[in-house]
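Thanks for coming. I'll go through one model today, element by element, and stop at the places that deserve a second look.

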Amino acid sequence: MKIESLTLREVRLDLKYPFETSFARVTDQQFFLVEVRVDGAPGFAECVADRDPGYSYETVRTAGHILEDFLWPLASASDYAHPDEVLPSFARVRGHNMAKAAIEMAVWEAWARRKGLSLAAALGGERRRTASGVSIGIQDTVPELLDRIALELASGYQRIKIKIKPGWDVAVVAAVRERFPDVPLMVDANSAYTLADMDLLRELDQFDLMMIEQPLAHDDMWDHRILHAELRTPICLDESVKSPADARRALEMGACGIINIKAGRVGGLSSAREIARIAEAAGAPVWCGGMLESGVGRVHNLHLSSLSAFSLPGDVAASERYFTEEVIEPPVTVDPDGTIPIPEGEGIGVALREDVIRRHTLCETTLEA
Ligand code: OSB
Ligand code: MG
């Protein structure tokens, strides 16, 4: 399987609502849409590196640099028998998993199309729908947050995740619990705390949260292990798990009980699937995270969520929650029971809206083998 070309389109889309985490407040998203041609078949994917290095050190510009100058020369010189070979072929480039995943996921899509399979079927996924939750950013006031939660629950979403940071944590969670005593609820701190905040983190234990996501440093496992042993509420790791080896170590040492899997963070779908296997063997549930993707990244997440190990509701929600314009047809929609059907056509199973994409493309490069 030879990759004949790689097209990188840098796209900018406006978010419908600002999204605030402990590290940033964003009002739009800038990202690469990636297209590969493999033996004539197209494969599409989205690079989840953000404009700013807040979630990860990768940015849109580092991803462009790594893709063009280092990954494309390796990919175009390879003859892959299977998409599982793509990430190992990049071994001499350290890190930069989001850039690597962009090519790998596009190759997976082209591979599935050539086999006449949906991406989910090519991955070996069995679920035909996935349970959907929402991630709600930090709001200006608690009443605004409560209103947002009520709206999301009315749409059917099966669990609520709220972002927390110092100053927007225990009192906010208490207010949410008071208004919604039985809702499946979790929090995500994106590394905003340290073990010096143990008393505060212990207070979160009283709210029957499903989990606390990435409370401590992005590059730490040991302190998460200490916290996980201290609390009743399970710790879920996001930023800290960048590979199957990380997942194994985290579960072996007891740094978490749950893993949020994002293909971009771990170098692609093969690695994501391997982490799901490792977690399943260890009896740890996983769910599919999100990176405020456009429709292209969103449907990739849906296909990944078809794997049986993804037993908890993910952060993969309907397209309409995110951007003022949609780049795929049909859009991702949530059913009243809070599930999302996984597209069944070949590859990612949706069409790209070239007109919309063209209008929002800042620049475009095609690299030929
Ligand atoms: O930590 O899970 C996260 C968005 C951007 C970067 C990091 C995270 C998130 C989300 C949003 O929580 C998930 C989504 O709705 O795409
Ligand atoms: Mg997270």
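I'll start with helix 9, where the buried residues are Asp246, Ala247, Ala250 and Leu251. Seen down the helix axis, these residues fall within an arc of 125 degrees, so they line one face of helix 9. Please keep in mind throughout that this is a predicted model.

What lies over that face? The cover of the buried residues of helix 9 includes strand 9, strand 10, which is 258-261, and helix 11, which is 269-282. After helix 9 comes Gly254, with a positive phi near 75 degrees.

Next, the metal site. The magnesium ion, ligand 2, is coordinated by Asp188 and Asp238 through OD and by Glu213 through OE, at 2.1 to 2.3 Å. Along the chain, the donors follow the spacing D-x24-E-x24-D. Glu213 sits in strand 8, residues 212-213, while Asp238 is in the loop between strand 9 (235-237) and helix 9 (244-253), so this pair ties together parts that are 25 residues apart in sequence. Are these two buried or exposed? Glu213 has 0% relative accessibility and therefore counts as buried. Asp238 is also at 0% relative accessibility, so Asp238 counts as buried.

Now two charged residues that are buried without a salt bridge. The first on my list is Glu104, in helix 3, residues 97-115. Which side chain of opposite charge is nearest to Glu104? It is Arg273, 7.9 Å away, and Glu104 has no salt bridge although it is buried. What Glu104 does have is a polar side-chain atom 2.7 Å from the backbone nitrogen of Leu269. Leaving aside residues up to four places away in sequence, Glu104 touches Pro83, Val86, Leu87, Gly267, Gly268, Leu269 and Ser270.

The other one is Arg298, in helix 12, residues 295-304. Arg298 is buried and has no salt bridge either; its nearest side chain of opposite charge is Glu293, at 4.6 Å. The cut-off for a salt bridge is 4 Å, from a side-chain nitrogen of Lys or Arg to a carboxyl oxygen of Asp or Glu, so the 4.6 Å to Glu293 does not qualify. With residues up to four places away in sequence not counted, the contacts of Arg298 include Glu293 itself, Leu292, Val316, Ala317, Ala318, Ser319, Tyr322 and Val332.

Last, the backbone. Most residues other than glycine have a negative phi, and most peptide bonds are trans. There are some departures to show you.

Asn190 is not a glycine, yet its phi is positive, about 45 degrees. Asn190 is in the loop between strand 7 (185-188) and helix 7 (198-203). Its relative accessibility is 7%, so Asn190 counts as buried.

Asp208 also has a positive phi, near 55 degrees, and is a residue other than glycine. Where is Asp208? In the loop between helix 7 and strand 8. Asp208 is exposed, because its relative accessible area is 56%.

Then the peptide bond from Glu329 to Pro330: this one is cis, with omega near -5 degrees. Pro330 belongs to the loop between strand 12 (328-329) and strand 13 (339-341).

That is my list. If we have time, I would go back to Glu104 and Arg298, each buried with no salt bridge. Questions are welcome.

Terms used
Residues are numbered from 1 along each chain as its sequence is written. Chains are lettered from A and ligands numbered from 1 in the order in which they are written. This is a predicted model: local features need pLDDT of at least 70, side-chain atom pairs count only at pLDDT 80 or more; totals for chains, interfaces and linings use all residues. Side-chain values use heavy atoms; hydrogens and water are left out. Helices (H or I, at least four residues) and strands (E, at least two) are DSSP runs, numbered from the N terminus. Buried means under 20% relative accessible area, exposed over 50%, partly exposed in between (1.4 Å probe, protein chains only). Lys and Arg count as positive and Asp and Glu as negative; His and the chain ends are not counted. A polar contact is a pair of N or O atoms within 3.5 Å; within protein, one must be able to donate a hydrogen and the other to accept it, and residues adjacent in sequence count only if both atoms are side-chain atoms. Contact means heavy atoms within 4.5 Å. Donors are N, O and S atoms within 2.8 Å of the metal (3.2 Å for Na, K and Ca); water is not among the atoms, so sites may look incomplete. The arc is that of the directions from the helix axis to the C-beta atoms.
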